[in-house]
Amino acid sequence: IRRSLEKRALFRAPGGRQFTIDLSTSPAVGCTQAKLKVVAYLCARCPYCSKLFPALYTEVTKGTLAGRVALHVRLFPIKGHPGSAEANRAIVAAGRLGKGWEYLLHAYRSFDRFSFDALPQWASDVGLDRAAFDAVVADPATNAQLVDSKKEGLRNGVESTPTLFINGVKYTGDLDIETIRDVLEEMLEGTP
């Protein structure tokens with residue numbers, strides 16, 4: 001417990017390093033005008049992300065943080081996660097077609113049923129035209145967007161997923177939804 005509180009206090013210490021994160025290709029959910037902006041570096045094939053992110057999404061869109069926090073996603077493929085590059089490229093493609101959030105959440109709900117053949121089916125499942133999806137997946141610009149996201153994460157010190165940044169500061173506390181919600185609530189209330 002003490003170590004958890006120390007990590008949390010370290011994150012909240014004044015003067016935390018601000019990182020630059022390009023959100024131009026990452027539309028927000030939640031309150032786009034919010035004082036608090038959370039950026040989650042995720043891998044579509046990370047088992048930890050598949051548990052944490054849907055809970056965080058729900059908190060920001062329907063839970064106690066709704067209307068008070070903006071949530072963005074930056075993709076960070078992990079080579080050690082089988083199918084990572086392909087799954088993350090599919091999410092970028094879905095995002096370019098206006099269904100990135102839906103696709104990402106569907107991919108996490110279907111995490112244990114992953115296969116390369118499932119990726120286009122998931123596009124259909126979230127209402128995308130399959131031919132258009134396949135074309136955007138194959139577009140070199142889709143891969144370039146994914147590579148840019150990964151490079152940015154590396155510049156910002158991302159070493160694993162999920163990694164969160166709150167208002168540009170790397171979050172160092174525990175990665176469970178209860179702790180994250182509590183930290184965000186404290187920040188919204190201005191509690192040190």
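The following conversation explains the terms used for this predicted model and the values behind them.

Visitor: On what basis are the residues numbered and the values computed?
Guide: Numbering starts from 1 along each chain as its sequence is written, and side-chain values use heavy atoms, with hydrogens and water left out. The model is predicted: local features need pLDDT of at least 70, side-chain atom pairs count only at pLDDT 80 or more, and totals for chains, interfaces and linings use all residues.

Visitor: What makes residues 69-75 strand 3?
Guide: Strands are DSSP runs of E with at least two residues, helices are runs of H or I with at least four, and both are numbered from the N terminus. Strand 3 spans 69-75.

Visitor: Why is strand 3 called mostly covered?
Guide: A residue is buried under 20% relative accessible area, exposed over 50%, and partly exposed in between, with a 1.4 Å probe and protein chains only. In strand 3, 7 of its 7 residues are buried. Val-69, Leu-71, Val-73 and Leu-75 point one way, while Ala-70, His-72 and Arg-74 point the other way. In a regular strand, side chains alternate between the two faces of the sheet.

Visitor: How do you know that strand 1 and strand 3 pair?
Guide: Two strands pair if DSSP finds at least two bridges between them. Strand 1 and strand 3 are joined by 2 bridges and run antiparallel, so they meet the requirement of at least two. Val-29 has Leu-71 as its bridge partner in strand 3, and Gly-30 stands opposite Ala-70.

Visitor: Why is the pairing of the sheet called mixed?
Guide: Strands of a sheet can pair either parallel or antiparallel, through backbone hydrogen bonds. Here strand 2 and strand 3 run parallel, joined by 7 bridges, whereas strand 2 and strand 4 pair in the antiparallel sense over 4 bridges. Ala-40 has Val-73 as its bridge partner in strand 3 and stands opposite Leu-164 in strand 4. The open sheet has 5 strands in the order 1-3-2-4-5. Strand 1 (29-30) and strand 5 (169-170) each have a single partner strand, so one side of each is left without a neighbour in the sheet.

Visitor: What makes helix 2 a helix that packs on the sheet?
Guide: Contact means heavy atoms within 4.5 Å. Helix 2 (residues 47-61) touches strand 1, strand 2 (36-42), strand 3 and strand 4 (163-166), and its direction makes about 150 degrees with that of strand 3. Such angles run from 0 to 180 degrees between N-to-C directions, with axes fitted to C-alpha atoms, for helices over the stretch in contact.

Visitor: Why does Lys-170 count as partly exposed?
Guide: Lys-170 has 27% relative accessibility, and therefore counts as partly exposed. Lys-170 lies in strand 5 and is the bridge partner of Phe-165. Residues touched by Lys-170 include Phe-11, Phe-19 and Asn-156.

Visitor: What makes Asn-167 noteworthy in phi?
Guide: Asn-167 has a positive phi of about 50 degrees although it is not a glycine. Most residues other than glycine have a negative phi, and most peptide bonds are trans. Asn-167 is in the turn of the hairpin formed by strand 4 and strand 5, which have 2 residues between them. Its relative accessible area is 30%, so Asn-167 is partly exposed.

Visitor: Why is Thr-161 counted as buried?
Guide: Thr-161 is at 8% relative accessibility and therefore counts as buried. Thr-161 lies in the loop between helix 7 and strand 4, and a cis peptide bond with omega about -5 degrees joins Thr-161 and Pro-162. Among the residues that Thr-161 touches are Tyr-41, Cys-46 and His-81.

Visitor: Why is helix 4 described as largely enclosed?
Guide: Of the 10 residues of helix 4, 8 are buried, so helix 4 is largely enclosed by the rest of the structure. The buried residues include Trp-101, Leu-104 and His-106.

Visitor: What makes a space a pocket, and what volume does the largest pocket have?
Guide: On a 1 Å grid over the protein atoms alone, a pocket is an open set of points with protein on both sides within 12 Å along at least five of seven lines, whereas in a cavity a 1.4 Å probe fits but cannot get out. Lining residues have an atom within 4 Å of a point. The largest pocket has a volume of about 320 Å³, where volume is the space filled by probe spheres set on the points, joined across faces, edges and corners. Among its 18 lining residues, Thr-25, Ser-26, Pro-27, Val-73 and Gly-95 are the closest to the centre. Helix 3 gives the most to this lining, with 4 residues.

Technical notes
Lists of a residue's contacts leave out its neighbours within four places in sequence.
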